[in-house]
Amino acid sequence: MKSPLEAPEKQIAEETSAKPQKPTASVIDTSKMSEGKRAALELAEASRDPLDDRGSFASNLFIGRYDFDRIYPWPAQSAEDRAAGEDFLNKLETYLREHVDPDEIDRTGEIPPENFAGLAAIGAFGIKVPKQYGGLGLSQFNYGRAAVLLGSWDGNVAALVSAHQSIGVAQPLMLFGTEEQKRKYLPRVAGGEISAFALTESHAGSDPATMSLRADPTPDGSEFILNGEKLWCTNGVKAGVLVVMAKTAPKIVGGKERKQITAFIVDVATPGLEITYRCRFMGLRALYNAVVKFTDVRVSRENMIAKEGAGLKVALTTLNTGRLTLPAACVGVSKRLLEISRKWAGERVQWGVPIGKHAAIAGKIAEMAGNVFAMEAMTFLSSSLLDRKSGDLRIETAMCKMWATETTWKIADDAMQVRGGRGYETAHSLAGRGEPPIAVERFLRDCRVNTIFEGSSEIMRLFIAREALDPHLKVGGAIFNTQLPMSERAKAVFTSGKFYAGWYPRQWIPGSAGRIDNLHSDLEAHVQYASRTSKRLARGLFHAMARFGPKLDREQLLLSRFVGIATELFAISATCSYAQWLLGQGKPSDEVLLLADYFCRSSRTRIDGHFAGTRRNVDKRGYQLTQDVLAGKHETLRSGIV
Ligand SMILES: Cc1cc2nc3c(=O)[nH]c(=O)nc-3n(C[C@H](O)[C@H](O)[C@H](O)COP(=O)(O)OP(=O)(O)OC[C@H]3O[C@@H](n4cnc5c(N)ncnc54)[C@H](O)[C@@H]3O)c2cc1C
């Protein structure tokens, strides 16, 4: 096993921690950016906590450091923790099976009131809320298991329960709330008073810097008056209490105005607050999603979460953990779809054999199986590490969210193809002509939004890439920053030169994860590959930085390939660790090894594709083509349609 900090990376840690953290606006040159981009970036940077110097397993992949010992042996759920969740999880499973009718909910667009009451009665609205505040006090791991059950059964109920406690009032209060706020609100929401999270506005989607809902202090400062409108607030229609992000008075930083966002807990019954519209969607038809209007809504200063101006940090930190619920729900969706596909591919005979014997269909099912296994490994590895408070996991959770939601969409698409016409037919229609009501199209519609909300896939890639570049920005970012005095930039040339003279050559030394105790040789081969490849990834990223300098942030497609490689390496590593644990639990080795090996090999082919794309691509031409299309050129592409 390797020591936690090896020489070159220890150096990166020392290099970057020796000096006090600089505000990143001085590390990233924002001088040549458009006003909108600069404002978005500066706000995001001001709200960003630096990653701790040890990084995390996934973040370190980008600097060629492969700490398999941080995720191996598999951090299994303890017997006590499992036992603590068992009673609730059994009740939830029984409740869903016996009292929740997903197709009826989808058809009517309503979750029956008795389901709200029934879920509240078993504690489903306060799963992680500590017992002293009226919740079940369960771990992230058990919460994840609940999300798997919910996802596998009904997307609408999953979204209700998840938005309520992963991003609604419970999670931000558990992270940032005062004792008084916790005592006042946690028992309410754990008991079933629905909560919601209101960040998005019509003009502020991925870019909260453009938020316009204002919170102005009263003259004595004891209250704030909120005016504005929030869009797409999930659960808003049913909520009793909201977490609301609002713009407060700007702060002057370095002689310039900086936008401030502040988080508040707002009772829906407060005069001036109106739910003006219920939004309806392609899927999740029973989502209680609202437009919320605020007209002179008075909120006490005591209802501020964290301090004034910390609202975006509250939102981002809440999401860092909260976005683990979606991948867990995706595990549930994907397992259900795999099960549907498995049965159908075995029983549907065409051209003389079950369709699962045709290689084209078999290939889809193999891919689903491997991906379900890896998705579960990544999600529950991250959940377990979170329960163990193993450092900063924002990269892991973002990778889980991005990979699981995209992969689940692919699985839903493939499951529909496997089911053929029956995949496209609604459960209601199937039942009407005497066939089993198997709702592939409902799952497909319901899971589509997962790559859009709680941080879209594109924003996840930007977020991960930002963290990937962080060690390099801290060491060498100042060189390119025209906003800094020459003396500081010259100093950066010297320190970064010294650093890279040590770090860079080491990225060429064939890497190894070292000796790994008790890991099956088939799995070890993949882990050694991941270790070697993390160095190749680090070199590639460094070369891209050398080539593009401060303009690298514009190369979103190139950066997304590096993010894709690291995410696959994380998936391979989590899969191998999990597979070894299953072997230790006495699971049939031929089954486990075939599944893990299949996943790792297919992941490696995707990694090859990403690397090939970093060398040869049509990104530049594609960008130019898009600008032409946007400018109205290529008239033929618009002609001949209605
Ligand atoms: C069903 C549903 C439920 C929701 N629930 C909630 C909720 O409970 N609370 C809440 O606050 N919000 C909620 N939202 C809002 C959701 O989080 C936003 O839709 C999401 O943040 C994206 O914003 P947008 O739709 O305005 O897209 P935009 O930000 O306009 O983006 C459009 C596209 O451009 C991409 N894009 C944007 N900026 C960049 C960039 N810099 N680089 C590359 N690509 C970029 C995006 O990824 C996206 O593909 C919900 C939305 C839906 C549809």
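A salt bridge here is a side-chain nitrogen of Lys or Arg within 4 Å of a carboxyl oxygen of Asp or Glu. The legends below describe close-up views of a predicted model.

**View 1. The protein chain is assigned four domains: domain 1, domain 2, domain 3 and domain 4.** Domain 1 is made of two stretches, 7-73 and 458-625. Domain 2 covers 79-190. Domain 3 covers 195-320, and domain 4 covers 323-455. The centres of domain 1 and domain 3, taken over C-alpha atoms, are 34 Å apart.

**View 2. Domain 1 meets domain 3.** Twelve residues of domain 1 contact twelve residues of domain 3. Together the two domains bury about 960 Å². Carbon and sulfur atoms hold 61% of that buried area. How many salt bridges are there between domain 1 and domain 3? The count is zero. Residue pairs in polar contact, with both at pLDDT 80 or more, also number zero between domain 1 and domain 3.

**View 3. Helix 2 and helix 18 help to form the side of domain 1 that touches domain 3.** Helix 2 spans 35-46, and helix 18 spans 457-476. Each gives at least two residues to this side. Helix 2 supplies the largest share, with seven residues. What kinds of residue make up this side of domain 1? Eight are nonpolar, one is polar and three are charged.

**View 4. The ligand has 21 residues around it.** Those that come nearest are Thr200, Ser206, Trp232, Ser456 and Glu458. Two of these five also appear in the next view, with their distances to the ligand.

**View 5. Phe197, Thr200 and Ser206 each place a polar atom by the ligand.** Phe197 uses its backbone: a polar atom there is 2.8 Å from a nitrogen atom of the ligand. Thr200 uses its side chain, where an N or O atom lies 2.7 Å from a ligand nitrogen atom. Ser206 has a polar side-chain atom 2.6 Å from an oxygen atom of the ligand.

**View 6. Glu104 and Arg107 form a salt bridge.** Their side chains meet at 3.1 Å, N to O. Where do Glu104 and Arg107 lie? Both are in helix 5, residues 102-108. They sit three residues apart, which is about one turn of the helix. The model has 34 salt bridges by this rule. Between domain 1 and domain 3, shown in an earlier view, the count is zero.

Technical notes:
Residues numbered from 1 in each chain as written. Predicted model: local features only at pLDDT ≥ 70, side-chain atom pairs only at ≥ 80, totals over all residues. Heavy atoms only, no water. Domains from an automatic or database assignment. Contact = heavy atoms within 4.5 Å. Buried area = accessible area lost by both parts, 1.4 Å probe. Polar contact = N/O pair within 3.5 Å; in protein donor to acceptor, adjacent residues only side chain to side chain. Helix = DSSP H or I, 4+ residues; strand = E, 2+ residues; numbered from the N terminus. Nonpolar A, V, L, I, M, F, W, Y, C, P; charged D, E, K, R; others polar. Near = heavy atom within 4 Å.
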